Amino acid sequence: MNALEKIHPTLFNAIQTRRAEHAIEPLFLRRWSPRAFDASKISAGDLMRILEAARWAPSAYNIQPWRFIYVLRGDPLWDTWLGLLDPFNASWAGAASALVFLFSDRLMPARDGQPRQPSASHRFDAGAAWAQLSLQATAMGFHAHAMGGINADAVRRTLAVPEHYEVEVGIAIGRQASAEDLPAALREREVPSDRLPLARVAFPATFPSNA
Ligand SMILES: Cc1cc2nc3c(=O)[nH]c(=O)nc-3n(C[C@H](O)[C@H](O)[C@H](O)COP(=O)(O)O)c2cc1C
């Protein structure tokens, strides 16, 4: 066994499996979605820095349809919020430092006295904000893990979400812990994933027939 693999198996795996085909900022490879968190607290200031990065995401017409509702570990609402995740996600996200729900506004702002019109890109824009959030978290020594596995109806009720907001994802933010802390089934999956080759997802000029 390699010495690094012994001391830090997760980092070793990351180095093994994540190789960029072209030169990119290392931050993109360092960002991943662990499930082992160390149950430490995050300061409100650090969480604001992470959300601030999301705030600067681009969006159609600069409408900024994303909304974030958050609680910090230690808040009396913590357990209620864990109950809004599906049981699989609740089994590991309880050790995170902050939980965030991301919403997107389905409606454009009112213009010229007209009723608000549907937005064509609110989910796409919210995805950009999530990406910036996760990269900022990584840059600060945290990790952010998006969760589609949530009870959206319960989120709506519990957080008093207005009807015109789409419930996008839950996000667990925390400091990574050792995979050893996870139950056996999750431990095996605690490895940064690879990606399709660039040639499978980017093509010059037209779609190839086998895409
Ligand atoms: C929209 C979205 C929903 C996801 N839902 C879940 C989830 O419910 N539970 C989970 O453990 N991971 C979830 N993930 C994490 C993905 O499985 C993970 O991002 C993907 O496998 C790529 O791995 P990486 O983020 O470690 O690079 C979700 C990610 C995204 C972007």
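**View 1. Asp105 and Arg116 form a salt bridge.** In this predicted model, the closest N and O atoms of the pair are 2.9 Å apart. Asp105 lies in strand S2, while Arg116 sits in the loop between S2 and helix H7 (122–139). The pair therefore ties together parts that are 11 residues apart in sequence. Is each partner buried or partly exposed? Asp105 is buried, with a relative accessible area of 6%. Arg116 has 33% relative accessibility, so Arg116 counts as partly exposed.

**View 2. Glu166 and Arg106 form a salt bridge.** Their closest N and O atoms are 2.9 Å apart. Find Glu166 in strand S4, then Arg106 in the loop between S2 and H7. These two parts are 60 residues apart in sequence, and the pair ties them together. Glu166 has a relative accessible area of 19%. Buried means under 20%, so Glu166 is buried. Arg106, at 24% relative accessibility, counts as partly exposed.

**View 3. Five residues are linked in a network of salt bridges.** Arg106 and Glu166 from the previous view belong to this network. Arg123, Glu163 and Glu168 are also part of it. In the structure as a whole there are seven salt bridges.

**View 4. Arg55 and Glu52 form a salt bridge in helix H4.** The closest N and O atoms of this pair are 2.9 Å apart. How far apart are the two residues along helix H4? Helix H4 covers residues 44–55, and the partners are three residues apart in it. That means about one helical turn separates Arg55 from Glu52. Both ends of the bridge are partly exposed: Arg55 has a relative accessible area of 43%, and Glu52 has 33%.

**View 5. Strand S4 pairs with strand S2 and with strand S3.** S4 runs from residue 165 to 174. How many of its residues are buried? The count is 10 of 10, so the strand is mostly covered. S2 (residues 98–105) runs antiparallel to S4, and eight bridges join them. One place to look is Ser104, whose bridge partner in S4 is Glu166. S3 also pairs with S4 in the antiparallel sense, over five bridges. Here Ala144 stands opposite Ile173 of S4. As a general rule, side chains in a regular strand alternate between the two faces of the sheet.

**View 6. A shell of 16 residues lies around the ligand.** Which residues come nearest? They are Arg18, Ser33, His145, Gly148 and Arg195. Helix H6 (87–93) supplies at least two residues of the shell, and so does strand S3 (143–147). By class, six shell residues are nonpolar, six are polar and four are charged.

**View 7. Polar atoms of Asn89, Ala146 and Gly149 lie close to ligand atoms.** Asn89 places a polar side-chain atom 2.8 Å from a nitrogen atom of the ligand. Ala146 uses its backbone: a polar atom there is 3.1 Å from a ligand nitrogen. Gly149 has a backbone N or O atom 2.9 Å from a ligand oxygen. How much of the ligand does the protein cover? On its own, the ligand has 620 Å² of accessible area, and the protein covers 64% of that.

Technical notes
Residues numbered from 1 in each chain as written. Predicted model: local features only at pLDDT ≥ 70, side-chain atom pairs only at ≥ 80, totals over all residues. Heavy atoms only, no water. Near = heavy atom within 4 Å. Polar contact = N/O pair within 3.5 Å; in protein donor to acceptor, adjacent residues only side chain to side chain. Areas by Shrake-Rupley, 256 points an atom, 1.4 Å probe, with all protein chains shown as cover. Helix = DSSP H or I, 4+ residues; strand = E, 2+ residues; numbered from the N terminus. Nonpolar A, V, L, I, M, F, W, Y, C, P; charged D, E, K, R; others polar. Buried < 20%, exposed > 50% of the residue type's maximum accessible area, 1.4 Å probe, protein only. Pairing = 2+ DSSP bridges. Salt bridge = Lys/Arg side-chain N within 4 Å of Asp/Glu carboxyl O.
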